[in-house]
Amino acid sequence: MGDRSADRGFGGHVPVSHTAQMLLGGLVLLAVFCGIAHLRRWPMRRAFAVFAALWALVAAVNLWVGVAHAGYALAEELPIFGLVFAVPTALAWLALRGRE
């Protein structure tokens, strides 16, 4: 077995890609919206619409940061934007379909 300490980031933790962090953030935000909708007795369609609009804004800001500050080309960031936006939004849509 090799020494895996070189694979560890700051503090000995395994680094997680920014895209994975964004996807996880989208799923957490989705869970928060579902919880709020349940507690306030909002229709799930309303919660989905608000979540999708907010998540589109978050994903667009992530795209802008990648291009403007991280030095990626727009052509490199667009597929990441699609992934970051589509995965949580598609899961939200599937969950909404399952509840109707």
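How many Å should the 25 residues of α2 span at 1.5 Å a residue, and how far apart are its end C-alpha atoms? The expected span is 36 Å, and the end C-alpha atoms of α2 are 35 Å apart, so the two values agree. Keep in mind as you look around that this is a predicted model.

Let us step back to the whole chain. The protein chain has three helices and zero strands, and reading along the sequence gives the pattern α-α-α. Of the 100 residues in the protein chain, 21% are buried. The chain exposes about 7100 Å², and carbon and sulfur atoms supply 68% of that area. Among contacts between residues at least 6 apart in sequence, 61% join residues at least 24 apart.

Now walk along the chain, beginning with the segment before α1, where you will find S17. Is S17 buried, partly exposed or exposed? With a relative accessibility of 41%, S17 counts as partly exposed, because the partly exposed class runs between the buried limit of 20% and the exposed limit of 50%. The side chain of S17 reaches the backbone nitrogen of A20 at 3.1 Å.

Next comes helix α1, which covers residues 18-40. Its 23 residues should span 33 Å at 1.5 Å a residue, and its end C-alpha atoms are 32 Å apart, so here too expectation and model agree. The buried residues in α1 are M22, L23, G26, L30, F33 and A37. It helps to recall that an α-helix has 3.6 residues a turn, so residues three or four places apart point the same way. Just after α1, R41 takes a positive phi of about 55°.

Helix α2 covers residues 44-68. In α2, the buried residues are M44, A47, F51, A52, W55, A59, N62, L63 and G66. Several of these names return in the next part of the tour.

Which residues make up the largest nonpolar core? There are eight in all: M22, L30, F33, F51, W55, A59, V84 and A92. Two or more residues of this core come from each of α1, α2 and α3. For a view from one member, try M22: leaving aside its neighbours within four places in sequence, M22 is in contact with W55, V58, N62 and V84.

The aromatic rings deserve a visit of their own. A search of the whole structure finds three aromatic pairs. One of them joins F33 and F51 in an edge-to-face arrangement, with 6.1 Å from centre to centre and 65° between the planes. This pair links distant parts of the chain, since F33 lies in helix α1 and F51 in helix α2, 18 residues apart. F33 counts as buried because its relative accessibility is 11%, and F51 counts as buried because its value is 0%. F51 also forms a stacked pair with W55, at 6.4 Å from centre to centre and 5° between the planes. Because F51 and W55 are four residues apart in helix α2, they are separated by about one helical turn. W55 is buried too, with a relative accessible area of 3%. Ring pairs thus link F33, F51 and W55 into a cluster.

Our last stop brings two further residues together. N62 has its place in helix α2, while E77 is found in helix α3, which covers residues 74-99. Are N62 and E77 buried or exposed? N62 is buried, with a relative accessible area of 11%, and E77 counts as buried because its relative accessibility is 8%; the limit for buried is under 20%. Leaving aside neighbours within four places in sequence, N62 is in contact with H18, M22, E77 and V84. With the same kind of neighbours set aside, E77 is in contact with N62, L63, G66, V67 and Y72. Among the partners of N62, M22 and V84 are also members of the largest nonpolar core.

Technical notes: Residues are numbered from 1 along each chain as its sequence is written. This is a predicted model: local features need pLDDT of at least 70, side-chain atom pairs count only at pLDDT 80 or more; totals for chains, interfaces and linings use all residues. Side-chain values use heavy atoms; hydrogens and water are left out. Buried means under 20% relative accessible area, exposed over 50%, partly exposed in between (1.4 Å probe, protein chains only). Contact means heavy atoms within 4.5 Å. The expected span of a helix is 1.5 Å times one less than its number of residues. A polar contact is a pair of N or O atoms within 3.5 Å; within protein, one must be able to donate a hydrogen and the other to accept it, and residues adjacent in sequence count only if both atoms are side-chain atoms. Accessible areas come from the Shrake-Rupley method with a 1.4 Å probe; for residues, only the protein chains shown count as cover. A nonpolar core is a set of buried Ala, Val, Leu, Ile, Met, Phe, Trp, Tyr and Cys residues joined through side-chain atoms within 4.5 Å. Rings of Phe, Tyr and Trp (its six-membered ring) pair if their centres lie within 6.5 Å; planes under 30 degrees apart count as stacked, over 60 as edge-to-face and the rest as tilted.
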